[in-house]
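Biologist: I would like to go through this structure step by step. Please keep the answers short and show how you get to each one.

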Amino acid sequence: MTRWLALALLVAAAGCAGPAPIAPPPGAAERAAATDWSRAETITVTLDEFVFLPDAVALRVGQPVRLRFENTGARPHDWTSPTFFRTVAFRPGDAQAASVLASGGSVDVPPGGAREVTLVPLSPIAGEVTCVKPLHATLGMTGRVVVAQN
């Protein structure tokens, strides 16, 4: 019986390992160094029970942006899009960049809190955005991020 319990705990722990970290795309550091960050537009995304406002974010390749995530809800939320975050260069020194990459492409925001990431999209994509907290996406906390070619 003890052997079965140990096996069950091992399987459960393996399932809780979380997403794999992501790496910046090739050339991201060079693109970040060449970007005029003073041109970054701020786009605010509100996270609440159980919605993103706006639910779609439209960006352009090569145009820097500051994404500000504000959690107006009573629960922790996140804005998760590995597809998107694999195709951007972060502003050098961006405080959230390492966390986003280590988490597999997620910005976690505590209740009543805010987080910002400043980045430049490097290629066109259309990707899904979800809140990966248990059942949040099922309850409607989903969206899209679209990066169009300039």
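Biologist: In what order do the five strands of the open sheet lie?

Modeller: Keep in mind that this is a predicted model. The five strands make an open sheet, and their pairing is mixed. Strand E2 (51-53) and strand E6 (88-90) are the edge strands, since each pairs on one side only. The twist from one strand to the next averages 30°. Read across the sheet, the order is E2-E1-E4-E8-E6.

Biologist: In which sense do E6 and E8 pair, parallel or antiparallel?

Modeller: In general, strands of a sheet pair through backbone hydrogen bonds, and either sense can occur. Strand E8 covers residues 114-121 and shares three bridges with E6. In one of the residue pairings, Phe90 has Leu119 in E8 as its bridge partner. The sense of the E6 and E8 pairing is antiparallel.

Biologist: Is Phe69 buried or exposed, and why?

Modeller: Phe69 sits in strand E4, which spans residues 65-71. Leaving out residues up to four places away in sequence, Phe69 touches several others, including Val45, Leu47, Trp79 and Val117. A residue counts as buried under 20% relative accessible area. Because the relative accessibility of Phe69 is 0%, Phe69 is buried.

Biologist: How are the rings of Trp79 and Phe84 arranged?

Modeller: By the rule for ring pairs, the count is five aromatic pairs. In the pair of Trp79 and Phe84, the centres are 6.0 Å apart and the planes are at 90°. Planes over 60 degrees apart fall in one class, so the arrangement of Trp79 and Phe84 is edge-to-face.

Biologist: Which residues do ring pairs link into a cluster?

Modeller: Trp79 and Phe84, both buried, belong to the cluster. Phe69, from strand E4, is linked in as well. The complete cluster is Phe69, Trp79, Phe84, Phe85 and Phe90.

Biologist: How many residues does the largest nonpolar core have?

Modeller: As a general tendency in soluble globular proteins, nonpolar side chains are buried together. Here, the residues with the most contacts inside the largest core are Leu67, Phe69, Trp79, Phe84, Phe85, Phe90 and Leu119. Beyond its neighbours within four places in sequence, Phe84 is in contact with residues including Leu59, Leu67, Ile125 and Val145. The largest nonpolar core has 29 residues.

Biologist: How many residues are in the other core?

Modeller: This core lies apart from the largest one. Among its members are Ala28, Trp37, Val120 and Leu122. The number of residues in this other core is six.

Notes:
Residues numbered from 1 in each chain as written. Predicted model: local features only at pLDDT ≥ 70, side-chain atom pairs only at ≥ 80, totals over all residues. Heavy atoms only, no water. Helix = DSSP H or I, 4+ residues; strand = E, 2+ residues; numbered from the N terminus. Buried < 20%, exposed > 50% of the residue type's maximum accessible area, 1.4 Å probe, protein only. Contact = heavy atoms within 4.5 Å. Phe/Tyr/Trp six-rings, centres within 6.5 Å; stacked < 30°, edge-to-face > 60°. Pairing = 2+ DSSP bridges. Axes fitted to C-alpha atoms, helices over the stretch in contact; angles between N-to-C directions. Core = buried A, V, L, I, M, F, W, Y, C linked by side-chain atoms within 4.5 Å.
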